[in-house]
Amino acid sequence: MRLGLRSLESRMVMLLGFAGVSGALIYAGVTQWPLPQVLVWMRQQGIDLGTPAHFGFYGGLLVSMAFLLPLSLWLGHRVMSPITKLLRALEGAVASYRDGDFSFSIAATRRDELGELIRMHNALGQTLREQRQNLTQRELLLDTVVQNTPVALVLTDASGRVTYANIAARHLFNKGRTLHGLNFAELISDSPEALRRAVEGGEDALLTVEMDGGEETFHLSQRNFRLQGRPHRLQLFRRMTRELSRQEVATWKRVIRVISHELNNSLAPISSMAHSGAELARRGDTARLPGVFATIGERARHLHGFIAGYASFAKLPAPQPTSIDWKPFLDNLSLHCKFQLRGSLPEHPGWFDAAQIEQVLINLVKNAHESGSTDDEVTISLAVVGRDVRIEVADRGPGMSETVLAQALLPFYSTKRSGTGLGLALAREIAEAHGGRIALANREERGLRVSLLLPLGSR
């Protein structure tokens, strides 16, 4: 609390003291001196005002109140005038803030509590102006980014009417015209059926539609949320045609390189051995011909196995999930490969295509054995994680380098020296077809851990 002479409290004390002293002086002047003496003198001079020569207690009090009432009104006006002006100014400032105008400020000429309040108010206004300016700049930046992004963005309210759409969405659905206020369901009624069904489905989707005389591939992402307490739906339409085309070209190049490498590795020895066989036949050295033919046959079988492996990868059928009991499934798996089961089996049955998942696990266990691990070091463990089941195959081999880990799951990437290994690529294809995923990680001490996550059936 401030105790200086310029504070409101000090001024109020001084004014109240002045009023008290003034009242005492007026009362004394009316009852004691000089008014009684003046009235006596006037009567001696023959002037009679009709007032008593001496006022008693109540008379003095009444006369004092008659003098003090105007003085009190004047003092009250002096005390409340700056407060009243400040309240009016603050009322105007609040009204301006309510209307979004933060440029209002009050002149600070006082050096008391009111002046301090005015300065704090002006500092608050300056802070609000800076925050409003920064917010406006961010909104402009965000709107510029959203409007110029190639992803078509449509925001609809609970009734399905468009509340926001960027430039890409306007060109995609309404020939560049605004979409605000339009019913989005009616707007896409003339769009391809695949697009309408994807929007009505309410889930993320990857779809291909006929547009402008060609095929366009879109990735549709849909999210529900509440904006200002009201439900809204955000729909993002991303054109994937160019990106998928680039990925397709890159995949074909990778396939051609792998196939070319394998063909060269097989055809070059075959050509060489065929030339050697012809030379031996010309010389009449038939004793060495069976070895030549055996080598040619071995390389031909290797090439056939390579082509057959890629053909089976390309012809992988869609999975047919069924309810799977874990113990019979693992017992049957143990007939094809050796492993150690770690931990207990989940109580809830699995939900997958038994033949495809069995092939995946056979390939993973085979890879684990080829890492140099013994039969006791190759383990399989199962655990329920949320609504998924995790099947983990672990070994104690040398593990994988960071480069190999980053590329091991890519299509047509082989970790085998012969270049024919499709186990990991096939495992990823089958896992994703089941709605799951596969992950690789090196173990802390030594070895590799391959985790296969598959969704469980309804509980």
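User: Which residue of β12 stands opposite Ala-439?

Analyst: The model is predicted: local features need pLDDT of at least 70, side-chain atom pairs count only at pLDDT 80 or more, and totals for chains, interfaces and linings use all residues. Residues are numbered from 1 along each chain as its sequence is written, and side-chain values use heavy atoms, with hydrogens and water left out. Helices (H or I, at least four residues) and strands (E, at least two) are DSSP runs numbered from the N terminus, and two strands pair if DSSP finds at least two bridges between them. β11 and β12 run antiparallel and are joined by six bridges; opposite Ala-439 in β12 stands Ser-451.

User: Which residue takes a positive phi in the hairpin of β11 and β12?

Analyst: Ile-438 has its bridge partner in β12, namely Leu-452. The hairpin has five residues between the two strands. With a phi near 115°, the residue asked for is Gly-447.

User: Which are the edge strands of the open sheet β7-β9-β10-β12-β11?

Analyst: This sheet has five strands with mixed pairing. An edge strand here pairs on one side only. The two that do this are β7 (340-342) and β11.

User: What angle does the direction of α10 make with that of β9?

Analyst: Axes are lines fitted to C-alpha atoms, for helices over the stretch in contact, and angles run from 0 to 180 degrees between N-to-C directions. From one strand of the β7-β9-β10-β12-β11 sheet to the next, the twist averages 20°. α10 packs on this sheet and touches β7, β9 and β10, where contact means heavy atoms within 4.5 Å. Its angle with β9 is about 155°.

User: Which helix gives the largest share of the largest nonpolar core?

Analyst: A nonpolar core is a set of buried Ala, Val, Leu, Ile, Met, Phe, Trp, Tyr and Cys residues joined through side-chain atoms within 4.5 Å; buried means under 20% relative accessible area, exposed over 50%, and partly exposed in between (1.4 Å probe, protein chains only). The largest core has 34 residues, and Leu-333, Ile-357, Leu-361, Ile-380, Ile-391 and Leu-452 touch the most other members. Elements that each supply at least two of its residues include α10 (326-334), β9 (379-385), β10 (388-394) and α13 (423-433). The largest share is seven residues, and it comes from α11.

User: How many residues are in the second, separate core?

Analyst: Ile-380 touches, among others, Leu-333, Phe-339, Val-365 and Ile-391, not counting residues up to four places away in sequence. The second core is separate and includes Val-154, Ala-165, Ala-198 and Leu-220. Its number of residues is 20.

User: Which residue caps the N-terminal end of α11?

Analyst: α11 has 17 residues and reaches 24 Å from its first C-alpha to its last, close to the expected 24 Å; the expected span is 1.5 Å times one less than the number of residues. Among its buried residues are Ile-357, Val-360, Leu-361 and Leu-364. At the N-terminal end, a side-chain oxygen lies 3.2 Å from the backbone nitrogen of Ala-355. That oxygen belongs to Asp-353.

User: Why is one side of β2 and of β3 left without a neighbour, and which places do these strands take in the sheet?

Analyst: Five strands form an open antiparallel sheet in the order β2-β1-β5-β4-β3. β2 (162-165) and β3 (205-211) each have a single partner strand, so one side of each is left without a neighbour. Their places are at the edges.

User: How many bridges pair β4 with β5?

Analyst: β3 and β4 (residues 214-227) pair in the antiparallel sense over seven bridges, with Glu-210 opposite Glu-215. β4 also pairs with β5 in the antiparallel sense, and there Arg-223 stands opposite Leu-234. The number of bridges between β4 and β5 is 10.

User: Is Gln-228 buried or exposed?

Analyst: Gln-228 lies in the loop between β4 and β5. Its phi is positive, about 55°, although it is not a glycine. With a relative accessible area of 78%, Gln-228 is exposed.

User: What is the relative accessibility of Lys-175?

Analyst: Lys-175 is in the loop between α5 (167-174) and α6 (184-187). Its phi is near 55°, a positive value in a residue other than glycine. Lys-175 counts as exposed, and its relative accessibility is 72%.

Terms used:
Polar contact = N/O pair within 3.5 Å; in protein donor to acceptor, adjacent residues only side chain to side chain.
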